[in-house]
Amino acid sequence: MRSWIRSVLMGAALAAVFGAMTAYATNYSLWINGRTGGGQLGNYADFTYWGPSSASAGVNKKSVNWDGYHHVSDQNYLVRNALDCFCTGPNWCYIAVHSAGNLMIGYTLDMYGGSARYKKTPSPSASGTCSNSDGTTQTGWNIKWVDVAAGAGGGSELSDIGAWTTSEPLVQDLKTTTARAMYNHNNTRGKIFHMYAGAKGTLYSGALPGQDDEAVAYHSSGGISGSSGGAYCNPSDFACNDLTLGTAAAEGGRAKWTNHTVAFRDDGETVNHYTNGNWGGVVGKVRADMALNAR
């Protein structure tokens with residue numbers, strides 16, 4: 001009898017410990033901005049870049065603000081701080097990025113995703129850093145997947161031709177050949193990049209090849225590999241090769257980068273590049289997905 005009681009008590013104790021550990025584990029939704037920035041650095045509650053903070057945008061949403069002006073390499077510590085805070089130990093993250101935020105997360109995973117990271121307690125200071133939880137480390141971060149709105153991982157011809165202020169360090173990073181050589185785009189550390197490509201582009205249609213959202217062309221927002229951009233379109237446009245959905249190579253045979261899949265192709269040409277301070281453009285498509293699936 002005593003043995004049975006002891007077994008029951010031990011089982012209950014283990015269940016309580018497991019339940020406490022499970023309760024401690026938390027999922028977060030991290031939003032990484034693109035060019036121009038706007039949110040206060042280190043303030044994960046400031047969604048100025050995106051739109052009203054009241055909008056549903058995934059479980060425990062956090063805005064990972066960087067200045068959107070300086071080189072990706074110079075501002076990358078802010079993204080690493082956020083990943084360390086919310087995506088280590090028992091905690092996991094869903095990541096959403098816009099435009100140059102694609103460069104930022106791709107660079108982070110390739111350059112630092114194999115490094116030892118201290119597990120953190122997700123209670124950030126005013127500077128956006130968190131204290132170590134138990135002094136142990138892990139390799140990289142706990143990331144479920146990455147949603148990419150209007151991704152500029154392949155650069156933009158607007159940077160090539162000087163349509164943006166060329167004195168901005170980030171604009172130099174956004175040149176198509178520079179962006180594509182900045183890091184190994186195939187090395188996502190096994191994380192899937194869901195690409196959302198907009199096509200309501202008119203203003204710079206002559207400068208951006210194929211379909212575009214007024215800032216980046218399908219070759220970039222669709223995750224097409226190679227050292228330079230190409231012209232890719234919707235199936236209804238016979239002027240250039242199709243951007244395929246999923247992970248399949250584009251029409252013409254050019255492969256997508258590893259672990260990059262086109263989740264949304266703007267066949268109706270209804271969404272452009274810009275948030276307009278209200279989760280607008282192709283960002284709205286990503287917000288809807290995060291609200292539904294980032295739990």
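Modeller: Two strands count as paired if DSSP finds at least two bridges between them. Keep in mind that this model is predicted.

Colleague: In what order do the strands of the open sheet run?
Modeller: The sheet is open and has 6 strands. Their pairing is parallel. Read across the sheet, the order is 2-1-3-6-7-10.

Colleague: Which strands stand at the edges of that sheet?
Modeller: An edge strand here has a single partner strand, so one side of it is left without a neighbour in the sheet. The order 2-1-3-6-7-10 shows who sits at each end. The edge strands are strand 2 (61–64) and strand 10.

Colleague: How many degrees does the twist average from one strand to the next?
Modeller: The strands of this open sheet pair in parallel. From one strand to the next, the twist averages 20°.

Colleague: What is the bridge partner of Trp 31 in strand 2?
Modeller: Strand 1 (residues 27–32) pairs with strand 2 in the parallel sense, over 4 bridges. Within that pairing, Leu 30 stands opposite Lys 62. For Trp 31, the partner in strand 2 is Ser 63.

Colleague: About what angle does helix 3 make with strand 3?
Modeller: Strand 1, which pairs with strand 2 over 4 bridges, is one of the strands this helix touches. Helix 3 (residues 101–112) packs on the sheet and also touches strand 3 (92–98), strand 6 and strand 7. Its direction makes an angle with that of strand 3 of about 140°.

Colleague: And helix 8: about what angle does its direction make with that of strand 6?
Modeller: Helix 8 (residues 282–293) packs on the sheet too. It touches strand 1, strand 3, strand 6, strand 7 and strand 10. Its direction makes an angle with that of strand 6 of about 155°.

Colleague: How many residues of strand 1 are buried?
Modeller: Buried means under 20% relative accessible area. Strand 1 has 6 residues and is mostly covered. The buried count is 5.

Colleague: In strand 3, which residue is the bridge partner of Asn 27?
Modeller: Strand 1 and strand 3 run parallel, joined over 6 bridges. In strand 3, Asn 27 is partnered by Trp 92.

Colleague: In strand 10, which residue is the bridge partner of Tyr 196?
Modeller: Strand 7 (residues 193–197) is mostly covered, with 4 of its 5 residues buried. It pairs in parallel with strand 6 (residues 143–149) over 4 bridges, where Asp 147 stands opposite His 194. Strand 7 is also joined to strand 10 (residues 260–265) by 5 bridges. There, Tyr 196 is partnered by Phe 264.

Colleague: Is Gln 172 buried, partly exposed or exposed?
Modeller: Gln 172 lies in helix 5 (residues 169–173). Not counting residues up to four places away in sequence, it touches His 71, Ser 159, Thr 166 and Thr 178. The partly exposed class lies between 20% and 50% relative accessible area. At 27% relative accessibility, Gln 172 therefore counts as partly exposed.

Colleague: How many residues in the lining of the largest pocket are charged?
Modeller: The pocket holds about 200 Å³ of space. Its lining includes Arg 35, Tyr 49, His 98, Trp 164 and His 273. That lining divides into 5 nonpolar residues and 5 polar ones, and the charged count is 1.

How values were computed. Residues numbered from 1 in each chain as written. Predicted model: local features only at pLDDT ≥ 70, side-chain atom pairs only at ≥ 80, totals over all residues. Heavy atoms only, no water. 1 Å grid on protein atoms, 1.4 Å probe; cavity = no way out; pocket = protein on both sides within 12 Å on 5 of 7 lines; lining within 4 Å. Points joined across faces, edges and corners; volume = space filled by probe spheres on them. Nonpolar A, V, L, I, M, F, W, Y, C, P; charged D, E, K, R; others polar. Buried < 20%, exposed > 50% of the residue type's maximum accessible area, 1.4 Å probe, protein only. Helix = DSSP H or I, 4+ residues; strand = E, 2+ residues; numbered from the N terminus. Axes fitted to C-alpha atoms, helices over the stretch in contact; angles between N-to-C directions. Contact = heavy atoms within 4.5 Å.
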